[in-house]
Structure formats: structure tokens, C-alpha cells
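Dear colleague,

Please find the structure below, handed over for your records. A written account of the findings comes directly after it.

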Amino acid sequence: RYECKLCPKNTFTISGASSLEECALCPPGGHSQPGAGYCEQCLTGKYFDEPSNECKLCPKNTFTISGATDINGCEECPAGGHSQPGAGYCEQC
């Protein structure tokens with residue numbers, strides 16, 4: 001008997017899978033919920049949080065232009081700069 005299975009988190013399939021081998025891994029920086037048909041990337045000002053499997057805002061006084069694969073990708077503002085959580089750039093005083 002044919003039985004469909006959900007691909008695990010951080011993998012995907014467009015056409016469905018009958019085995020885990022048919023699930024493709026998300027590319028670096030990508031993530032997905034179980035059973036997904038595509039992977040998502042974190043956007044500007046956000047980083048991927050592995051434990052929660054979701055994008056979160058970069059902390060205050062950090063930024064990321066294109067999204068980050070983890071919190072270490074949120075760059076600190078240069079001296080004299082500041083930012084709100086989830087920023088894509090820092091402002092100077």
C-alpha cells in the first residue's frame with residue numbers, strides 16, 4: 001500500500017515523497033516546516049534561529065542587509081552607530 005510521508009523540517013519536496021530519500025535539503029540559510037513544498041530564507045534584519053526553526057529579528061544595535069543564517073550574521077553597528085531590532089542598516093548620531 002502506498003503511503004505519503006511528510007518531509008522533515010529543513011527539507012522539501014515539490015511533488016510529494018514516498019521515502020525520506022526523495023526529500024531535498026534546503027540550501028544554506030534556508031529553512032522549512034515539516035511537509036513543506038519549498039524553503040524560505042530570512043529577510044533583511046532577520047536571522048535564522050535553529051531551535052525555533054524560524055526567522056527572528058537581529059538584536060538592537062546590530063543589522064543584516066540580506067538576512068543571516070544565524071545570530072552571528074547580525075553585524076554590530078560601527079562606533080557611533082545604532083539601530084532598532086530587525087534593522088538592515090545602522091544610523092549615525
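The notes that follow cover the disulfides, the salt bridges, one strand pair and one serine.

This is a predicted model, in which local features need pLDDT of at least 70 and side-chain atom pairs count only at pLDDT 80 or more, while totals for chains, interfaces and linings use all residues. Residues are numbered from 1 along each chain as its sequence is written, and side-chain values use heavy atoms, with hydrogens and water left out.

Disulfides

A search of the whole structure finds 5 disulfides, a disulfide being a pair of cysteine sulfur atoms within 2.5 Å. With the bonded cysteines counted along the chain, their pattern is 1-2, 3-4, 5-6, 7-8, 9-10. Three of these links are described here, with strands named as DSSP runs (E, at least two residues; helices are H or I, at least four) and numbered from the N terminus.

Cys7 is joined to Cys23 by a disulfide with an S to S distance of 2.1 Å. The link of Cys7 and Cys23 is left-handed, with -90 degrees about the S-S bond. Cys7 lies in the segment before β1 and Cys23 in the loop between β1 and β2 (24-25), so this disulfide ties together parts that are 16 residues apart in sequence. Cys7 is buried at 2% relative accessibility, and Cys23 is buried at 14%; buried means under 20% relative accessible area, exposed over 50%, and partly exposed in between (1.4 Å probe, protein chains only).

The sulfur atoms of Cys42 and Cys55 are 2.1 Å apart in a second disulfide. The torsion about the S-S bond of this pair is about -95 degrees, so the disulfide is left-handed. Because Cys42 is in the loop between β4 (40-41) and β5 and Cys55 is in strand β6, the bond ties together parts that are 13 residues apart in sequence. Cys42 is buried, with a relative accessible area of 6%, whereas Cys55 is partly exposed at 24%.

Cys58 and Cys74 also form a disulfide, with their sulfur atoms 2.0 Å apart. Its S-S torsion is about -75 degrees, so the link of Cys58 and Cys74 is left-handed. This pair links distant parts of the chain, with Cys58 in the loop between β6 and β7 (62-63) and Cys74 in the loop between β7 and β8 (75-76), 16 residues apart. Both Cys58 and Cys74 are buried.

Salt bridges

The whole structure contains 2 salt bridges, where a salt bridge is a side-chain nitrogen of Lys or Arg within 4 Å of a carboxyl oxygen of Asp or Glu. One of them joins the side chains of Lys9 and Glu50 at 3.6 Å, N to O. The Lys9 and Glu50 pair links distant parts of the chain, 41 residues apart: Lys9 is in the segment before β1 (11-12), and Glu50 is in the loop between β5 (46-49) and β6 (54-57). Lys9 is partly exposed at 35% relative accessibility, and Glu50 is partly exposed at 41%.

The side chains of Lys56 and Asp49 form a salt bridge, also with an N to O distance of 3.6 Å. Lys56 is partly exposed, with a relative accessible area of 32%, whereas Asp49 is buried at 15%.

The pair of β5 and β6

Strands β5 and β6 pair in the antiparallel sense over 4 bridges; two strands pair if DSSP finds at least two bridges between them. Lys46 stands opposite Leu57 in β6. The hairpin of β5 and β6 has 4 residues between the strands, and Asn53 there takes a positive phi near 55 degrees.

The surroundings of Ser32

Ser32 is in the loop between β3 (30-31) and β4 and is buried, with a relative accessible area of 2%. Its side chain reaches the backbone nitrogen of Asn10 at 3.0 Å and the backbone oxygen of Thr11 at 2.7 Å. Leaving aside residues up to four places away in sequence, Ser32 touches several residues, among them Lys9, Cys26, Tyr38 and Asn53; contact means heavy atoms within 4.5 Å. Ser32 therefore touches both Lys9, a salt-bridge partner of Glu50, and Asn53 of the β5 and β6 hairpin.

With kind regards

Definitions and conventions:
Polar contact = N/O pair within 3.5 Å; in protein donor to acceptor, adjacent residues only side chain to side chain.
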